[in-house]
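Here is a friendly walk through one protein model, meant to be read with the structure open beside you. We will go from the loops to the helix contacts and then to the aromatic rings.

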Amino acid sequence: MNWNGVFPAVTTKFDGDGNIDYDTFFLNLEAQIEAGVSGVILGGTLGESSVLEDEEKVELTKKTKERIAGRVPIVLNIAEGSTVKAIYWAKKAEEMGLDALMLLPPMRYPSDHRETVTYFKTVANSTDLPIMIYNNPVDYKTYVTLEMFDELMECENIQAVKESTRDVSNVTRMKTRFGGRYKILCGVDTLTMESVLMGADGLVAGLVCAFPKETVVLFDLCKERRIEEALPIYRWFLPLLELDIHPKLVQYIKLAEQMAGIGTEHVRAPRLTLVGEERARVEKLIQTGLENRPELTEIKTSI
């Protein structure tokens, strides 16, 4: 598994009746691949996994694999409350021929050190698929510490971490302690440039769903240390990237996809589409971004 590059956590597209809208989903998927992403992640928060039935998740995964046809790797997110269910999805992903997993700590119960390590090891030992640990104590309350990663080294298929602690110095801590043992992927859109310049190998992104080309070019420029070219793009992008760190990131990013012409804003309850002052404010921010999109045609990168 190549954990380098940009991995969009893609949204699941719905029609007005709440059914999965595969035509729009594939439209967006093709935009991501055309922009040069390194893989796609299914079933994350942006994918509204919590409101998908198991059968729908399987169907979505199979159709995605058929559509992508090996062009980029497919990573399935696992966010479950029980070890048994996490193992079920790990085995299911392997059965469906996926390429890797993104694995969160146990949901709804803040596990301690021993429980967290045991959970990760048990799931990892149930599959041969490469695994990226999702470290996000801000949203999910469990902090995967350096000491935990020490113990997880014995699982060879635990290969990467989605670094979402909001502490950019953690990239340096991980690199200093583990060298290249774990690939590090920035998991917070608003820390993209900072994390990549500090040595992050990849980016698990949200606003890439609406702005794929800008995200990939920004990432590539940062990897090449072309700071003067990257800074104007990042400064333009940052107000939009801040949509990714709000509780309504799904509604915000889906609205951005719709306004960019590669998605729809339909969500499943209990989420509701935006209305009133909030909608006007977010629409204005997105529209300003669209009207001032940086010119990328002259920018060439070697990645």
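Helices, taken as H or I runs of at least four residues, and strands, taken as E runs of at least two, come from DSSP and are numbered from the N terminus. With that in hand, E48 can be placed in the loop between strand 2 (40–42) and helix 2. Please keep in mind throughout that this is a predicted model.

**Backbone points to look at**

E48 has a phi near 50 degrees, which is a positive value in a residue other than glycine. Is E48 buried or exposed? Its relative accessibility is 1%, so E48 counts as buried.

K141 also has a positive phi, of about 75 degrees, although K141 is not a glycine. You will find K141 in the loop between helix 5 (137–140) and helix 6. K141 has a relative accessible area of 60% and is therefore exposed.

Further along the chain, the peptide bond that runs from A269 to P270 is cis, with omega near 15 degrees. P270 sits in the loop between helix 11 (249–260) and helix 12 (276–291).

T273 is likewise found in the loop between helix 11 and helix 12. Because its relative accessibility is 36%, T273 counts as partly exposed. Leaving out residues up to four places away in sequence, T273 touches E265, H266 and V267. If you would like a distance to try in your viewer, the C-alpha atoms of T273 and A69 are separated by 33 Å, and these two residues are 204 residues apart along the chain.

**A glutamate in helix 2**

E56 belongs to helix 2 (residues 54–68). With a relative accessibility of 18%, E56 counts as buried, because the cut-off for that word is under 20%. Which residues does E56 touch, not counting those up to four places away in sequence? They are I20, Y22, V51 and R268.

**Two helix contacts**

Helix 10 takes part in both of the contacts below, so it is a handy element to centre in your viewer. The table sets out the packing values.

| Helix pair | Angle | Distance between axes |
|---|---|---|
| Helix 9 (residues 212–223) and helix 10 (residues 227–241) | about 140 degrees | 9 Å |
| Helix 10 and helix 12 | about 160 degrees | 9 Å |

How do these angles translate into words? Helix 9 and helix 10 are oblique to each other, because their angle does not go over 145 degrees, the limit for roughly antiparallel. Helix 10 is roughly antiparallel to helix 12, because their angle is over that limit.

Helix 9 passes helix 10 in a left-handed crossing. On the helix 9 side, the contact is made by E214, T215, V217, L218, L221 and C222. Helix 10 brings E229, A230, I233, Y234, W236 and F237 to this contact. Sorted by class, the residues where helix 9 meets helix 10 are nine nonpolar, one polar and two charged.

The crossing of helix 10 with helix 12 is left-handed too. Here W236, P239 and L240 of helix 10 meet L285, I286 and G289 of helix 12. This contact of helix 10 with helix 12 has five nonpolar residues, one polar residue and no charged ones. W236 is worth selecting, as it appears in the contact with helix 9 and again in the contact with helix 12.

**Aromatic rings**

How many aromatic pairs does a search of the whole structure find? The search finds twelve. Among them is the pair of W3 and F7, which is tilted, at 6.1 Å centre to centre and with 35 degrees between the planes. Both W3 and F7 are buried.

F149 and F178 form another pair, with ring centres 6.4 Å apart and planes at 65 degrees, so this pair is edge-to-face. F149 lies in helix 6 (residues 146–152) and F178 lies in helix 7 (residues 169–178), so the pair ties together parts that are 29 residues apart in sequence. F149 is buried, as is F178.

Finally, ring pairs link Y22, F25 and F26 into a cluster. Y22 has already come up in this report, as one of the residues that E56 touches.

Definitions and conventions: Residues are numbered from 1 along each chain as its sequence is written. This is a predicted model: local features need pLDDT of at least 70, side-chain atom pairs count only at pLDDT 80 or more; totals for chains, interfaces and linings use all residues. Side-chain values use heavy atoms; hydrogens and water are left out. Axes are lines fitted to C-alpha atoms, for helices over the stretch in contact, and angles run from 0 to 180 degrees between N-to-C directions. Angles under 35 degrees count as roughly parallel, over 145 as roughly antiparallel, 65 to 115 as roughly perpendicular and the rest as oblique. A crossing is left-handed if the near helix is turned anticlockwise from the far one by less than a right angle, and right-handed if clockwise. Contact means heavy atoms within 4.5 Å. Ala, Val, Leu, Ile, Met, Phe, Trp, Tyr, Cys and Pro count as nonpolar, Asp, Glu, Lys and Arg as charged, and the others, Gly among them, as polar. Buried means under 20% relative accessible area, exposed over 50%, partly exposed in between (1.4 Å probe, protein chains only). Rings of Phe, Tyr and Trp (its six-membered ring) pair if their centres lie within 6.5 Å; planes under 30 degrees apart count as stacked, over 60 as edge-to-face and the rest as tilted.
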